[in-house]
Amino acid sequence: MKIHTCALFDLDGVIVDTANYHFLAWKKIASNFGFELSKENNEKLKGVSRTKCLNIILELSNFDLNENSFNYYLKKKNEIYLDYIKNINSENILPGILKTLNYLKEKNIMIGIGSASKNARFIIEKLKIVPFFDVIVDGNQIVNSKPDPEVFLKGSKALGVLPENCVVFEDSDSGIQAAKAAKMTAIAIGTPDKFSNYDFCFTNFLKIVKSDLDNLFTSKNYI
Ligand code: BG6
Ligand code: MG
């Protein structure tokens, strides 16, 4: 029997529509290496750390950088990204998220963030949704990027919840793999073709209706 008492959310592309700004910023950086970053290749960057993203782009571009230039482009990417999101506010919260967070609060389900982003807390503050979260684990607190389960295991540990009692909402394949590696229930947000493995898949949070949440989070209806 599996009872879910905790929900862990990825941030970029799940709670807020920042995923496209990461893409646009990396696209600009990649053009410096004569490489056109496609949406398809961008899927490989979702959920992974800034450093790992640059390494992936360099590999795809067949380009090499010395340490100074590598650090320069990391900094540059973040500057471009922060400029894109400088006016971010609660209107950028993705549809269906607030309804889900309110449902979880009502049911006394623990709620956490498990994000690879070092900008996560800044964004959550801009969105004015900090009070929803019992824990925020972000890119500043982890060593190993998704698909490693570290970010989610850190979240469940901080909340005193066993991994098998956690549900993870993720829009990246690497994040879904991290959730599965943590032995958590993995909910993929997006089209099924983007994921190698998941427990449930919904196109977006508007597709997750009350009966789905009841099935996941009430003790009578466990999966
Ligand atoms: C993840 C994004 O949430 O954060 C990745 O899906 C991004 O695309 C990663 O690379 C790191 O983000 P940041 O904000 O620290 O550069
Ligand atoms: Mg994401």
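This briefing covers the metal site, the ligand pocket and a set of individual residues in the structure above. The model is predicted. A magnesium ion (ligand 2) has the protein donors Asp10, Asp12 and Asp171. Ligand 1 is surrounded by 14 residues, with at least three drawn from each of domain 1 and domain 2. Asp12 appears in both settings: Asp12 is a donor of the magnesium ion and is listed among the closest residues to ligand 1.

**Magnesium site**

- The magnesium ion (ligand 2) takes an OD atom from Asp10, the O atom from Asp12 and an OD atom from Asp171.
- These protein donors lie 2.0 to 2.1 Å from the ion.
- Along the chain, the donors follow the spacing D-x1-D-x158-D.
- Asp10 has a relative accessible area of 3%, so Asp10 is buried, the cut-off being under 20%.
- Asp12 has a relative accessibility of 12% and therefore also falls under the 20% limit for buried residues.

**Pocket of ligand 1**

- The closest of the 14 residues around ligand 1 are Asp12, Arg50, Ser117, Lys118 and Asn119.
- By residue class, the shell around ligand 1 consists of 4 nonpolar, 5 polar and 5 charged residues.
- Both domains contribute at least three residues to this shell: domain 1 (6-16 + 90-217) and domain 2 (19-85).
- In Ser117, a polar side-chain atom is 2.6 Å from an oxygen atom of ligand 1.
- In Asp12, an N or O atom of the side chain is 2.7 Å from an oxygen atom of ligand 1.
- Leu45 approaches through its backbone, where an N or O atom lies 3.1 Å from an oxygen atom of ligand 1.
- The protein buries 97% of the 390 Å² that ligand 1 exposes when taken alone.

**Thr18 and its contact with Asp12**

- Thr18 sits in the loop that runs between β1 (6-9) and α1 (19-31).
- The relative accessible area of Thr18 is 0%, so this residue is buried.
- The side chains of Thr18 and Asp12 make a polar contact of 2.5 Å.
- Asp12 thus has three roles in this briefing, because its listed partners are the magnesium ion, ligand 1 and Thr18.
- From Thr18 to Lys157 the C-alpha to C-alpha distance is 27 Å, with their positions 139 residues apart in sequence.

**Glu170, Lys146 and the cis peptide**

- Glu170 belongs to strand β4 (residues 166-170).
- Glu170 has 0% relative accessibility and so counts as buried.
- The side chain of Glu170 is joined to that of Lys146 by a polar contact of 2.6 Å.
- Lys146 also precedes a cis peptide bond, the one from Lys146 to Pro147, with omega near 15°.
- Pro147 lies in the loop between β3 (135-137) and α7 (150-159).
- Most peptide bonds are trans.

**Residues with positive phi**

- Most residues other than glycine have a negative phi.
- Asn62, which is not a glycine, has a positive phi near 60°.
- Asn62 is placed in the loop between α3 (50-61) and α4 (67-84).
- With a relative accessible area of 74%, Asn62 is exposed.
- Lys128 likewise has a positive phi, of about 60°, without being a glycine.
- Lys128 is located in the loop between α6 (120-127) and β3.
- Lys128 has a relative accessibility of 70% and counts as exposed.

**Two helix residues**

- Ser31 is part of helix α1.
- The relative accessibility of Ser31 is 48%, so Ser31 counts as partly exposed.
- Ser31 and Asn140 are separated by 109 residues in sequence and by 28 Å in space, C-alpha to C-alpha.
- Ile124 is a residue of helix α6.
- Ile124 counts as buried, at 0% relative accessibility.
- Ile124 and Ser90 are 34 residues apart along the chain, and their C-alpha atoms are 9.2 Å apart.

Terms used. Residues numbered from 1 in each chain as written. Chains lettered and ligands numbered in written order. Predicted model: local features only at pLDDT ≥ 70, side-chain atom pairs only at ≥ 80, totals over all residues. Heavy atoms only, no water. Donors = N, O, S within 2.8 Å, 3.2 Å for Na, K, Ca; no water. Buried < 20%, exposed > 50% of the residue type's maximum accessible area, 1.4 Å probe, protein only. Near = heavy atom within 4 Å. Polar contact = N/O pair within 3.5 Å; in protein donor to acceptor, adjacent residues only side chain to side chain. Areas by Shrake-Rupley, 256 points an atom, 1.4 Å probe, with all protein chains shown as cover. Nonpolar A, V, L, I, M, F, W, Y, C, P; charged D, E, K, R; others polar. Domains from an automatic or database assignment. Helix = DSSP H or I, 4+ residues; strand = E, 2+ residues; numbered from the N terminus.
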